[in-house]
Amino acid sequence: MGTLIRGGTIVTASDVMTADVLIENGKITHIGERILSIGHEMIDATGCYLFPGGVDPHTHLDMPFGGTITADDFQTGTIAAAFGGTTTIVDFALHQKGDTLANSLQTWHEKAEGKAAIDYSFHMMVGYMREAVMNEIPHLVEKEGIMSFKVFLAYKNNLQVDDETLFRVLQKAAKCGALVQVHAENGDVIDVLVKDALAKGKTEPKYHALTRPPEAEGEATARAIRLAEIAGAPLYIVHVTCAQASDAISEARKRGLPIYGETCPQYLVCDVSDYERPGFEGAKYVMSPPLREKWHQEVLWNRLRNLELQVLGSDQCSFNFKGQKELGRNDFTKIPNGAPTIENRMSILYHCGVNEGRIGLTKFVALTSTNAAKLFGLFPEKGTIAVGSDGDIVIWDPETEWTISSKTHHMNVDYNPFEGMKVKGKPKCVLLRGQVIVEHDRFTGKPGMGQFLRAKPFSQVDV
Ligand code: URP
Ligand code: ZN
Ligand code: ZN
């Protein structure tokens, strides 16, 4: 018996059409008009869009960071993702000094297995350089299904690596079909600005933003792009927040370089004024890079519209306000960086993008699903609705109006950075490999049903 989705409007990154979809044994086997329903379970999707399940390529679940550990683990984080329409995540396996990549990967497998409710893959963060570590990279690509490696140019004395390490990782990646990702902020400059601020007694959350100016992001982005160019490697810039960084990406792409960029919902709808919220509320918005002045948002929207930025990731990295964000009450540098965003990524792009006329439906799908699947070696099993692809489908009701709130969200965290935002459009039903995992605001899947996805090596894709 299969699952037949009847009467929805299918949206892919290239087309919009009304047709039925049949899923059998987890795969889409037939797309067409009036597919016979005999012997199949039928779901009526009249009036709804069928989007490919969202692919969120930027999550931090169960991750130690900033002296604490993220509030969401693979169980709560992936269930929340499913409620928002995401059926695949790519989480960052943290590599710490002294450890091997293989061991770090094993740790992440143990965190996810038995808990993940949606499918998942991993990126590997490279925390430090040693010949042996560099030599593990081809092994991970060929044998372990890990094709992307991330380095940080910020978080000095912690995760930050120097240019030599970035360059060596780029060289290695270029040779073995890996994609390098970079957190692009100039950590050395930020460190000086932070020390200056603290010396003057400037300890409130707003100084997090004031000590991490957009120029520091623009500089690091342009530098990483130049190093990738010398190494002949493709490069993906995570969480782009500002004109300076996105200009550098656009300029490189105009020169024909394989440079890709991602932004996140928080940078599209929240801004630097959120740090001025009364009391210590600004801490809820402490993330890196920080929120920017509002005018940057229209630059990011234009870049999404033109696909000069190709992906919307969540950068889910949740910490409770009580007991975690509060660690930095007297010093903004002690506020754990990050925000809970995995659940509302698609709704925010749909509402502020599609409903408000900034992007069309096919671009919505490209940005929330297809492009990430292509870049991170998961396409065409993930990221599209096509015969042979996995039956990961979001039945999206475009008419439901609702209000984002921590009172109703499913993330394991005591606030929502988008609290009170009214949006129109919501998943009515979410299927993972043909199984209904969310229906009418109820989770019907099971923790542990998510499968690890071995990513294919990077190949230049048309995104
Ligand atoms: O503040 C953030 N973004 N926290 C997560 C770690 C990172 O830099 O992506
Ligand atoms: Zn980052
Ligand atoms: Zn991140």
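How many salt bridges does the count come to in this structure? The count comes to 31 salt bridges. The model shown here is predicted. The close-up views below begin with the metal ions and end with some of the charged pairs.

**View 1. Two histidines hold the zinc ion (ligand 2).** The protein donors are His183, through ND1, and His239, through NE2. Both lie 2.0 Å from the ion. The pair links distant parts of the chain, 56 residues apart. His183 sits in strand 14 (residues 179–183). His239 sits in the loop between strand 15 (235–237) and helix 8 (243–254). Buried or exposed: what is His183? His183 counts as buried because its relative accessibility is 0%. His239, at 2%, counts as buried too. Now look at the geometry. Four donor atoms surround this zinc ion, and their angles run from 56 to 153°. The arrangement is irregular because tetrahedral sites need all angles between 85 and 135 degrees.

**View 2. The zinc ion (ligand 3) has three protein donors: His58, His60 and Asp315.** The two histidines each use NE2, while Asp315 uses OD. These donors lie 1.9 to 2.2 Å from the ion. Along the chain they follow the spacing H-x1-H-x254-D. His58 and His60 are both buried. The angles among the four donor atoms of this site are 87 to 134°. The site is tetrahedral. The zinc ion (ligand 3) and the zinc ion (ligand 2) are separated by 3.9 Å.

**View 3. Ligand 1 has 14 residues around it.** Which of these residues come nearest? They are Tyr155, His183, Ser288, Asp315 and Asn337. Two of these names appeared in the zinc views: His183 is a donor of ligand 2, and Asp315 is a donor of ligand 3. Other contacts are polar. An N or O atom in the side chain of His58 is 3.5 Å from an oxygen atom of ligand 1. A polar side-chain atom of His239 also lies 3.5 Å from an oxygen atom of the ligand. Asn337 uses its backbone: a polar atom there is 3.1 Å from a nitrogen atom of ligand 1. Taken alone, ligand 1 exposes 270 Å². The protein buries 100% of that area.

**View 4. Two peptide bonds before proline are cis.** One runs from Ser288 to Pro289, with omega near -10°. Pro289 is in the loop between helix 9 (265–269) and helix 10 (295–305). Ser288 was met above, among the residues that come nearest to ligand 1. The other cis bond runs from Phe379 to Pro380, with omega near 5°. Pro380 is in the loop between helix 12 (361–375) and strand 18 (393–403).

**View 5. Arg34 and His440 have a positive phi.** Neither residue is glycine. Phi of Arg34 is near 45°. Arg34 is found in the loop between strand 5 (27–32) and strand 6 (41–44). With a relative accessible area of 64%, Arg34 is exposed. Phi of His440 is near 45°. His440 is found in the loop between strand 20 (435–439) and strand 21 (442–443). His440 counts as exposed, at 59% relative accessibility.

**View 6. Arg226 and Glu229 form a salt bridge within a helix.** Side chains of opposite charge can pair when their charged atoms come close. Here the closest N and O atoms are 3.2 Å apart. Both residues lie in helix 7 (residues 214–231). They are three residues apart, about one turn of the helix. Arg226 is partly exposed, with a relative accessible area of 44%. Glu229 is partly exposed as well, at 31%.

**View 7. Lys284 meets Glu281 in a salt bridge.** The N to O distance is 2.8 Å. Lys284 counts as buried, at 14% relative accessibility. Glu281 counts as partly exposed, at 28%.

**View 8. Lys382 and Asp392 form a salt bridge.** Their closest N and O atoms are 2.6 Å apart. Both residues lie in the loop between helix 12 and strand 18, so the pair ties together parts that are ten residues apart in sequence. Lys382 is buried, with a relative accessible area of 2%. Asp392, at 4%, counts as buried. Which residues join these two in one network? Salt bridges that share partners link Lys382 and Asp392 with Lys27, Asp119, Asp390 and Arg433.

Notes
Residues numbered from 1 in each chain as written. Chains lettered and ligands numbered in written order. Predicted model: local features only at pLDDT ≥ 70, side-chain atom pairs only at ≥ 80, totals over all residues. Heavy atoms only, no water. Donors = N, O, S within 2.8 Å, 3.2 Å for Na, K, Ca; no water. Tetrahedral: all angles 85-135°; square planar, octahedral: opposite > 155°, others 65-115°. Helix = DSSP H or I, 4+ residues; strand = E, 2+ residues; numbered from the N terminus. Buried < 20%, exposed > 50% of the residue type's maximum accessible area, 1.4 Å probe, protein only. Near = heavy atom within 4 Å. Polar contact = N/O pair within 3.5 Å; in protein donor to acceptor, adjacent residues only side chain to side chain. Areas by Shrake-Rupley, 256 points an atom, 1.4 Å probe, with all protein chains shown as cover. Salt bridge = Lys/Arg side-chain N within 4 Å of Asp/Glu carboxyl O.
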